[in-house]
Number of protein chains: 2
Amino acid sequence: MGVIRRYSGRGGRHRWQGVAVESYPDPSVQAVTKQVVVGQDDGARNYSVRYFEIAPGGCSSLDRHAHDHAVVILTGSGRARLGEETHAIGFGDVVYIGPEEVHQFENTGAEPLGFLCVASRKQAAD
Amino acid sequence: MGVIRRYSGRGGRHRWQGVAVESYPDPSVQAVTKQVVVGQDDGARNYSVRYFEIAPGGCSSLDRHAHDHAVVILTGSGRARLGEETHAIGFGDVVYIGPEEVHQFENTGAEPLGFLCVASRKQAAD
């Protein structure tokens with residue numbers, strides 16, 4: 001069965017009806033929220049689509065894992081670390097993070113940095 | 001290896017540097033373009049992320065297949081058919097299309113209807 005998940009965001013804060021704004025999986029990271037917009041509860045078996053939002057000055061944890069990520073920036077600006085390199089990112093930019101690649105997102109702007117992130121279902125926690 | 005794919009869109013037409021604007025897989029459909037923003041060429045093994053754009057008055061083909069889709073509307077407005085139901089869609093709305101579910105997207109507005117669509121890699125053609 002299909003699902004329509006209605007957008008309910010305002011003022012650059014992206015929200016969806018019925019989608020909880022969760023804390024980040026790493027409890028030491030306070031500035032990041034996560035919303036699962038497509039997940040296992042919808043019947044999706046192969047991947048999840050999450051929306052992360054990083055507050056100004058905040059950053060995600062420095063991660064490295066076997067699964068890859070596909071990220072699309074929806075709002076704000078900042079930096080993406082990919083391996084040993086750091087890249088400026090802004091609206092619409094796409095970041096593909098390969099398996100075992102060190103990665104981290106940092107909000108260097110004044111607005112929330114928000115992005116969609118696709119992950120294989122079993123690795124949807126991070 | 002990670003990839004940064006730079007956004008180069010203007011005026012609501014979403015484009016990315018180095019990403020070809022392809023015709024729709026169904027040659028009978030003229031009003032739809034496809035851009036692969038994350039795909040096999042980037043090293044992604046499990047899924048692809050595509051951006052589809054439907055011109056005003058146009059629609060995607062009426063599809064039904066074993067793989068599911070996760071869709072996020074980025075611009076424009078229209079209707080999504082899911083099974084026997086039709087839903088109005090606009091910016092930010094998320095559509096999850098389950099396996100074997102009949103689906104079709106139609107642009108009923110004056111602007112392009114554009115959306116990201118995640119698909120398992122082997123089914124990235126439609």
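## A tour that starts at a buried glycine

Select A:Gly114 to begin: with a relative accessibility of 0%, this residue counts as buried. Keep in mind along the way that you are looking at a predicted model.

**Stop 1: around A:Gly114.** Colour strand S10 of chain A, residues 113–120, and you will find A:Gly114 within it. Now add A:Phe52 to the selection. The two residues are 62 apart in sequence, yet their C-alpha atoms lie 5.6 Å from each other. Which residues does A:Gly114 contact once its neighbours within four places in sequence are left aside? Show A:Tyr51, A:Phe52 and A:Glu53, then A:Val72, A:Ile73, A:Leu74 and A:Thr75, and you have the list.

**Stop 2: the whole of chain A.** Zoom out and switch to a cartoon view. How many helices and strands does chain A have? There are zero helices and 10 strands, so reading from the N terminus gives β-β-β-β-β-β-β-β-β-β. The radius of gyration of chain A is 14 Å, close to the 14 Å that the globule rule gives for 126 residues, so chain A is as compact as a globular protein of that length. If you turn the C-alpha trace along its principal axes, expect spans of about 45 × 35 × 30 Å.

Contacts that bridge long stretches of sequence deserve a look here. Taking contacts in chain A between residues at least 6 apart in sequence, 61% join residues at least 24 apart. The pair A:Gly114 and A:Phe52, at 62 residues apart, was seen at the previous stop.

**Stop 3: the surface.** Turn on a surface for chain A. About 5600 Å² is exposed, and carbon and sulfur atoms supply 47% of that area. Of the 126 residues, 54% count as buried. Next, select the charged side chains: chain A has 13 positive and 15 negative ones, and the centres of the two sets are 8 Å apart.

**Stop 4: A:Val29.** Move to the loop between strand S2 (22–23) and strand S3 (32–38) of chain A, where A:Val29 sits. Is this loop residue buried or exposed? A:Val29 is buried, with a relative accessible area of 13%; the cut-off for buried is under 20%. Beyond residues up to four places away in sequence, A:Val29 touches A:Tyr24, A:Cys59 and A:Ser61. Try a distance to A:Phe115 as well: the C-alpha atoms are separated by 17 Å, with the two positions 86 residues apart along the chain.

**Stop 5: the cysteines.** One of the contacts of A:Val29 was A:Cys59, so stay there and show the sulfur atoms. The count of disulfides over all chains is zero. For A:Cys59, the nearest cysteine sulfur is that of A:Cys117, 16 Å away. A:Cys59 is partly exposed, at 33% relative accessible area. Jump to chain B for its counterpart: B:Cys59 is in no disulfide either, and the sulfur of B:Cys117, the nearest one, is 15 Å away. B:Cys59 is partly exposed too, at 32%.

**Stop 6: a backbone detail in both chains.** Most residues other than glycine have a negative phi. Select A:Glu100, whose phi is positive, near 65 degrees. Where is A:Glu100 found? Look in the loop between strand S8 (94–97) and strand S9 (103–107) of chain A. A:Glu100 counts as partly exposed, at 37% relative accessibility.

Finish in chain B with B:Glu100, which has a positive phi of about 65 degrees. B:Glu100 lies in the loop between strand S8 (94–97) and strand S9 (103–107) of chain B, and counts as partly exposed at 37%.

Note on methods
Residues are numbered from 1 along each chain as its sequence is written. Chains are lettered from A and ligands numbered from 1 in the order in which they are written. This is a predicted model: local features need pLDDT of at least 70, side-chain atom pairs count only at pLDDT 80 or more; totals for chains, interfaces and linings use all residues. Side-chain values use heavy atoms; hydrogens and water are left out. Helices (H or I, at least four residues) and strands (E, at least two) are DSSP runs, numbered from the N terminus. The radius of gyration is taken over C-alpha atoms; the globule rule is 2.2 Å times the number of residues to the power 0.38. Buried means under 20% relative accessible area, exposed over 50%, partly exposed in between (1.4 Å probe, protein chains only). Contact means heavy atoms within 4.5 Å. Accessible areas come from the Shrake-Rupley method with a 1.4 Å probe; for residues, only the protein chains shown count as cover. Lys and Arg count as positive and Asp and Glu as negative; His and the chain ends are not counted. The place of a charge is taken as NZ of Lys, CZ of Arg, CG of Asp or CD of Glu. A disulfide is a pair of cysteine sulfur atoms within 2.5 Å.
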